[in-house]
Amino acid sequence: MMQYDHIKSMITNRHLLLLFLILGGLAGTCIFIFAGVSLAVLFYMLPVFLLVIMVLLSSPISCFFLLYIVSYLVMGFGRYITFPLPVGVILDLLILFNFLSLALHFIRGNSLGKVHFNTFLLISIFWMLYCMLEIINPMSTFANWITTVRSIGMHIVLFQLLVFISLDNISKLRLFFKVWGILVLLGALKAIGQKYIGLDRFETAWLYTFGAHTHVIYSGIRYFSFFSDAANFGCHMGLAVVFFTILAIYEKQGKRRFLYIVIVAFAAYGLMISGTRAAIAVPFAGFAFFIILVKEWKWVIFGLSLLIMAFAFFNLTTIGNSSSDIRRMRTAFSFSKDASFNVRLENQKKMRTFMGDHPFGIGLGGSKHANEGDAIHGIATDSSFVFIWVETGIFGLICYIILCLTILGYGTYYVLFRVKDRRIKSIAMASTAGLAGIMVAGYANEVLHQMPTGQTVYILMGVIMLSPYLDKKLSDDIRTV
């Protein structure tokens with residue numbers, strides 16, 4: 001017995017780890033020899049994968065960031081690899097994984113943020129239920145409905161809940177802004193690389209097949225980074241310009257302000273080389289809304305001056321016309337001369353001829369999967385609001401517009417009258433102005449529901465509705481000190 005105890009005391013955890021590594025290495029070698037490289041790599045990666053799962057399950061905020069990062073990059077990776085599951089299903093599984101992580105975190109006795117039921121959340125739930133009921137639309141099919149209902153109806157509620165529970169303090173919010181900012185930088189740098197270094201063979205294959213009609217134009221190539229298309233990329237960069245500019249204005253910490261300014265500079269250039277004329281509406285509308293929200297005259301005067309100078313530059317001068325990017329941006333101010341804009345108006349006229357017979361729309365997914373002979377076949381919606389109108393009808397469009405106006409109304413009310421803390425107010429102001437800008441662009445382009453712009457929009461909606469609770473929490477903390 002003493003000899004057994006002596007041997008046991010000599011075997012430490014280090015020895016057991018070394019034994020497992022040796023056995024694992026031998027097993028991996030056998031798999032490599034008899035089953036091939038793919039299975040061997042999978043075997044070796046399994047412990048790392050399990051470790052990542054354990055870390056994510058123990059850290060809900062890490063799960064949330066993983067969800068957002070995947071929504072940001074997955075469309076770009078889809079050009080290089082074939083996923084075993086549809087992209088939407090991958091995102092849904094990650095959302096489910098987030099709620100699993102939150103549940104385990106709660107079971108272990110850890111505190112979580114609270115779900116704040118409010119009017120906007122109730123309107124969002126009503127909109128989600130309306131979209132779910134589109135399954136009974138006689139023109140809808142289950143396959144079309146299931147591919148669309150999640151991103152259009154369900155995610156707007158689920159992301160708000162995740163924001164309430166996971167981003168429940170200002171430190172976590174700032175961490176999210178840093179993650180988003182880094183992703184914006186990566187997106188802009190990727191587009192800059194496409195312009196000055198060139199497209200790789202996968203991007204070239206996509207450009208001259210799926211994107212040839214819209215991305216290879218008279219002024220050159222519209223660069224798309226790792227986004228689904230140039231419109232999505234350009235409008236998202238415009239949203240980032242508005243959001244991070246406002247944060248930079250109110251940020252007191254030098255390093256953080258410098259990061260925001262760098263993000264704005266790269267995002268602005270990314271917007272320009274995207275060749276998306278509607279994207280320029282995002283900063284114009286966003287900063288105009290910011291002027292409404294801000295109550296400091298110096299910023300009102302400064303903001304108005306910038307908007308007037310920018311408008312005059314694009315609409316009243318020919319400065320910079322040697323650049324094809326600036327020439328294309330300048331055409332955004334001449335709607336009557338814009339052929340693509342006129343085509344969209346003609347398409348909307350055609351839609352009116354049959355939409356009167358479909359007050360509840362042609363069913364979710366119907367406009368994207370139209371068969372020959374369908375009324376919508378060959379007619380592009382080309383707008384988030386037109387898309388909602390066609391697929392959910394006039395009743396759905398009214399509900400969606402109410403939803404959009406409600407969040408802008410809440411944001412305006414919170415900034416002007418409710419939120420007192422300067423830090424939270426700047427976040428609410430940036431979110432509201434950014435949403436105002438991207439919603440204006442949503443009329444001209446179908447960007448409000450595409451990854452990652454749609455997910456970003458839903459998160460910012462949740463941030464706005466969270467702002468008064470964070471403000472109260474900070475004021476209570478100050479009183480107790």
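This passage describes a pocket, the nonpolar core and one buried threonine in a predicted model. Local features required pLDDT of at least 70 and side-chain atom pairs pLDDT 80 or more, whereas totals for chains, interfaces and linings use all residues. Residues are numbered from 1 along each chain as its sequence is written, and side-chain values use heavy atoms, without hydrogens and water.

The second largest pocket (an open set of points on a 1 Å grid over the protein atoms alone where a 1.4 Å probe fits, with protein on both sides within 12 Å along at least five of seven lines) has a volume of about 590 Å³, taken as the space filled by probe spheres set on the points. Its lining (residues with an atom within 4 Å of a point) comprises 21 residues, with Val 241, Pro 283, Phe 284, Phe 287 and Ala 310 nearest the centre. Helices H11, H12, H13, H14 and H15 each give two or more residues to this lining; H14 gives the most, with eight. Helices are DSSP runs (H or I, at least four residues), numbered from the N terminus. The lining divides into 19 nonpolar, two polar and no charged residues.

The largest nonpolar core (buried nonpolar residues of the types Ala, Val, Leu, Ile, Met, Phe, Trp, Tyr and Cys, joined through side-chain atoms within 4.5 Å) has 129 residues, and Ile 438 is among those touching the most other members.

Thr 392 lies in helix H17 (residues 384-418) and is buried (under 20% relative accessible area, 1.4 Å probe, protein chains only), at 0%. The side chain of Thr 392 reaches the backbone oxygen of Ile 388 at 2.5 Å.

Definitions and conventions: Ala, Val, Leu, Ile, Met, Phe, Trp, Tyr, Cys and Pro count as nonpolar, Asp, Glu, Lys and Arg as charged, and the others, Gly among them, as polar. Buried means under 20% relative accessible area, exposed over 50%, partly exposed in between (1.4 Å probe, protein chains only). A polar contact is a pair of N or O atoms within 3.5 Å; within protein, one must be able to donate a hydrogen and the other to accept it, and residues adjacent in sequence count only if both atoms are side-chain atoms.
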